[in-house]
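Subject: The structure we talked about

Hi there,

Here is the structure I promised to pass on to you. Please open it beside this message and follow along as you read.

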Amino acid sequence: MDSFFRSEEMCLVQLFFQTESAHNCINELGHLGLVQFKDLNPGTVAFQRRFVKEVKKCEEMERILRFLENEVVKSNIPIPADFTSETIPVPRDVLDLESRFDKLEQELKEINSNRDTLRQNFTQLMEINHLLKVFDAFLFYLHDRFVAGVIKHERFPAFEKILWRLFHGNFVLRHAEIKPHEEENMADPVKKDVFVVFVQGDQIRGKIRKFHASMYPCPNNAYARKEMRTNVNTRIEDLRLVLKRTEEFRETTLTAAAANLQEWASKVKKMKAIYYTLNLCNIDITQKLIVAEIWCPVSDLNSVHTALIHGSEQSGSSLSPVVNRIQTQQTPPTFNRVNSFTSGFQSIIDAYGVGNYQEINPAPYTMVTFPFLFAVMFGDCGHGLVMTLLALWLILHQEHFRKLKNELIDMLVDGRYIIFLMGLFSIYTGLIYNDCFSKSFNVFGSSWSVRPMFHPHGPWTNDTLHDSGHLHLDPLVSGVYSGNPYPFGVDPIWNIASNKLSFLNSYKMKMSVIMGVAHMLFGVTLSLVNYIFFRNLKDVALQFIPEVIFMLSLFGYLIFLILYKWCVVMKSESAPSILLLFINMMLFDYSSEGTVLYRTQKPVQIFLVVVAVLMVPWLLFAKPLLLYRKHKQLKFLSLPFCLSLFFGVKKAFVSLQVSMADIFVYQGIHTIEYCLGCISNTASYLRLWALSLAHAELSEVLWKMVLQVALRVTSGMGSVLLAVTFAAFAVLTVTILLVMEGLSAFLHALRLHWVEFQNKFYKGSGYKFTPLSFNRMRDMQ
Amino acid sequence: MVSCLFCGPKLAACGIVISIWGVIMLAMLGIFFTTHSAVLIDDVPFKEEDMHNDQDPPHNIYKLYNQVGYNCFIAAGIYVLVAALSFCQIKLNHRKEYMVR
């Protein structure tokens with residue numbers, strides 16, 4: 001499957017179809033999701049395009065649909081799930097839908113306003129009812145002038161104060177709270193009070209109005225009041241009936257609308273997309289033909305053709321659309337065919353830069369190296385297991401999480417396979433580092449043994465044990481070290497040794513450098529593959545070979561030194577430090593003692609350094625000089641023709657000089673970047689060591705400070721304390737060690753890929769293939 | 001039946017996850033303590049006297065190991081109870097959702 005290792009081959013195709021079948025054809029292409037329409041009218045502004053009115057109509061319809069959806073949701077009517085229909089609305093359907101939407105909107109607005117008026121009337125009538133009910137209780141004052149009304153409960157004290165100030169106490173005020181009835185399930189839970197003021201004068205009315213209290217005329221005698229009450233009651237009953245009918249009608253309308261809501265929404269979306277696409281095409285003079293240019297993968301040309309024929313058949317047109325592939329010098333877009341597993345990795349590559357057309361795609365290698373480098377920095381099999389289980393849960397319940405529509409959770413769900421692989425690889429590196437929640441497993445039996453160190457076999461006596469705080473296990477005493485290393489991973493005895501870090505640091509640093517150089521060499525080799533594919537064999541000799549020799553002679557030799565020192569037996573006191581060896585090699589300093597690992601070290605090292613230094617001018621000068629010579633040859637050949645075009649020659653010469661300077665500068669930058677980059681990038685890979693050290697130490701601190709406190713309590717309540725402390729340990733593990741350290745290691749592994757790996761071969765300046773796809777539009781909303 | 005629902009669905013889910021993790025991890029820790037694993041030496045609260053005044057050399061230390069191991073098993077048992085409780089809460093929450101619908 002060549003297609004995932006580099007982006008697919010694309011072709012530029014011209015489509016001619018009839019205007020009547022345009023909608024159906026574009027609809028079919030949208031469902032296929034494999035073509036990208038090129039903009040044939042790049043100069044025009046949005047409102048100058050041909051179908052701008054139709055797009056506006058679609059947007060208006062979307063607005064009405066949103067309003068309808070709001071109303072439906074407010075009334076708690078469930079919206080049934082969407083059955084995606086493949087039928088496409090033809091232009092006459094557009095008008096039909098439009099008028100339907102307008103009518104629905106008008107209806108709904110009318111219903112809403114009617115309902116509000118009715119509700120207001122109802123509230124007033126209820127208030128009068130209450131007023132009349134409590135009025136009888138107030139009648140011991142047979143004053144003539146009184147005012148009755150209803151006021152909001154909170155405002156009553158202020159009202160009373162104002163009345164005191166106004167009338168200097170020359171009034172009588174009675175009030176009672178309205179207790180809400182069971183049927184009064186109005187939308188407003190505002191507490192109201194009924195009040196009656198017996199007073200002289202008319203300013204009272206103005207004051208009441210200022211308090212937004214409502215006044216109601218109340219008759220003086222009991223008989224009139226009774227009549228009013230019956231009257232009000234009848235009106236209330238009538239109004240209740242009308243209100244119920246209105247609500248029912250509203251609900252029926254909304255339910256009918258809700259049934260079609262999803263279908264209409266998707267139709268309108270599709271139409272808008274189709275009109276937008278039509279805006280990108282050209283319409284010829286006769287208004288009968290539409291010309292479109294599309295980018296399409298070569299392997300899918302057949303399916304595109306079939307889709308177009310299908311579309312034109314649906315519209316009942318007689319002519320089938322014409323598909324015409326054209327040659328072009330423009331750069332096609334980059335298309336990488338992905339499935340749900342590979343899309344996560346492809347997206348993290350594309351986040352840095354979309355690859356050039358048909359350049360090598362780093363994604364397939366990233367699928368292994370990224371989780372691996374993450375795991376080297378994370379390295380704990382207990383945490384890895386928790387991470388794997390979490391990712392498994394995400395994978396299995398994927399739709400449930402997508403429905404939540406939370407951005408953070410969406411990102412997590414998109415990366416679920418990445419997290420799963422990261423967890424799996426972390427279990428593996430955790431077993432190699434022999435680290436599970438900062439404790440080691442002793443599966444095979446440690447290769448070190450303490451008993452042979454005791455007298456008479458070894459040097460330790462009772463006094464040694466009593467006097468010293470630290471004891472050394474000496475591997476030279478026979479029996480202490482069995483001679484066979486622990487079969488898989490780090491020996492568990494290192495977990496309880498006090499010089500654990502000296503051993504592990506040295507091991508992890510050297511391992512990081514080895515992995516770094518291997519990763520970078522792999523990157524340089526990928527650039528060779530790129531040169532061969534683009535038939536750029538000149539660059540193989542001018543760039544690839546000096547780059548590889550430079551890296552191998554210096555850093556390949558460093559790897560050799562590390563591996564040699566690991567494999568060969570030597571006394572640890574007299575073993576030379578690799579770092580010092582390397583520095584002295586670069587400085588040609590062979591004066592100090594004990595600087596030899598093997599016999600012929602000095603001449604080999606001198607040879608390698610000289611070769612590496614020679615690569616620098618090769619990288620720097622070879623390519624520009626060759627180009628210069630080629631241009632001079634061309635200029636020489638064209639000289640007789642230019643005698644009459646004197647200015648032409650001069651201009652060509654000037655431009656030749658300018659471009660030569662450009663080439664020299666570019667090559668200089670590339671050489672410096674590569675050579676210095678080799679050193680700095682190799683050192684950059686030491687972050688693999690640094691982060692794994694940080695993770696191990698954090699894990700150990702968490703165990704010692706949290707869980708060990710509870711484990712060391714042996715009194716009665718020890719187990720309960722242990723249970724509580726374990727919960728705290730679990731929460732802290734997940735938040736600090738999984739989330740924080742996980743994000744940190746993820747970021748650093750990503751940086752190692754984006755910078756140190758990809759700058760050896762990846763150009764990343766293409767543009768992404770964005771086909772017209774209805775599925776993608778639906779997923780994005 | 002009086003409603004014994006006292007935590008929402010999310011708290012119950014967290015509860016059951018931590019309980020399952022606690023049961024497995026504490027049970028394994030208990031096993032490793034009772035088999036006197038050397039790696040866990042720092043977690044055993046022995047003092048100087050335990051090492052010096054010992055009739056039968058490692059037995060005092062082993063006794064302490066076993067004590068810590070039993071503590072772990074009891075804590076694992078506590079987590080089994082918490083798991084059962086959380087599971088009940090989840091079931092009650094589900095039932096409440098269905099009844100409201």
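Below is what turned up, starting where the two chains meet and then going into chain A.

Before anything else, please keep in mind that this is a predicted model.

**Where the chains meet**

How many residues does each chain bring to the contact? Chain A puts in 29 residues, and chain B puts in 27 residues. Together, the area buried between chain A and chain B comes to about 2200 Å². Carbon and sulfur atoms give 74% of that area.

There are also polar links across this boundary. Seven residue pairs are in polar contact between chain A and chain B, counting pairs with both residues at pLDDT 80 or more. On the side of chain A that touches chain B, the elements giving two or more residues are helix 20 (687-711) and helix 21 (718-757) of chain A. Helix 21 of chain A gives the most to that side, with twelve residues. Sorted by class, the side of chain A that touches chain B has 18 nonpolar, eight polar and three charged residues.

The rule finds one salt bridge across the interface of chain A and chain B. Its partners are A:K439 and B:D43, whose closest N and O atoms are 3.7 Å apart. As background, side chains of opposite charge can pair when their charged atoms come close.

**Salt bridges overall**

Over all chains, the structure holds 23 salt bridges. One of them is worth finding on your screen: A:R63 with A:E60, where the closest N and O atoms are 2.7 Å apart. Both residues sit in helix 2 (residues 52-74) of chain A, and because they are three residues apart there, about one helical turn separates them.

**A sheet in chain A**

Next, look for an open sheet of four strands in chain A, with the order 4-5-3-6 and antiparallel pairing. Which strands stand at the edges? They are strand 4 (172-177) and strand 6 (214-216) of chain A; each has a single partner strand, so one side of each is left without a neighbour in the sheet. On average, neighbouring strands of this sheet are turned by 25 degrees against each other, direction ignored.

Strand 4 of chain A is joined to strand 5 (residues 192-198) of chain A by six bridges, and the two run antiparallel. To see one of these pairings, start at A:V172 and look across to A:F198, its bridge partner in strand 5 of chain A.

**Two details in one loop**

Finally, visit the loop between helix 13 (416-433) and helix 14 (462-467) of chain A, where A:P456 has its place. The peptide bond from A:H455 to A:P456 is cis, with omega near 5 degrees. A:S438 also lies in the loop between helix 13 and helix 14 of chain A. Phi of A:S438 is near 70 degrees, which is a positive value in a residue other than glycine.

Happy exploring, and best wishes!

Technical notes: Residues numbered from 1 in each chain as written. Chains lettered and ligands numbered in written order. Heavy atoms only, no water. Contact = heavy atoms within 4.5 Å. Buried area = accessible area lost by both parts, 1.4 Å probe. Salt bridge = Lys/Arg side-chain N within 4 Å of Asp/Glu carboxyl O. Polar contact = N/O pair within 3.5 Å; in protein donor to acceptor, adjacent residues only side chain to side chain. Nonpolar A, V, L, I, M, F, W, Y, C, P; charged D, E, K, R; others polar. Pairing = 2+ DSSP bridges. Axes fitted to C-alpha atoms, helices over the stretch in contact; angles between N-to-C directions.
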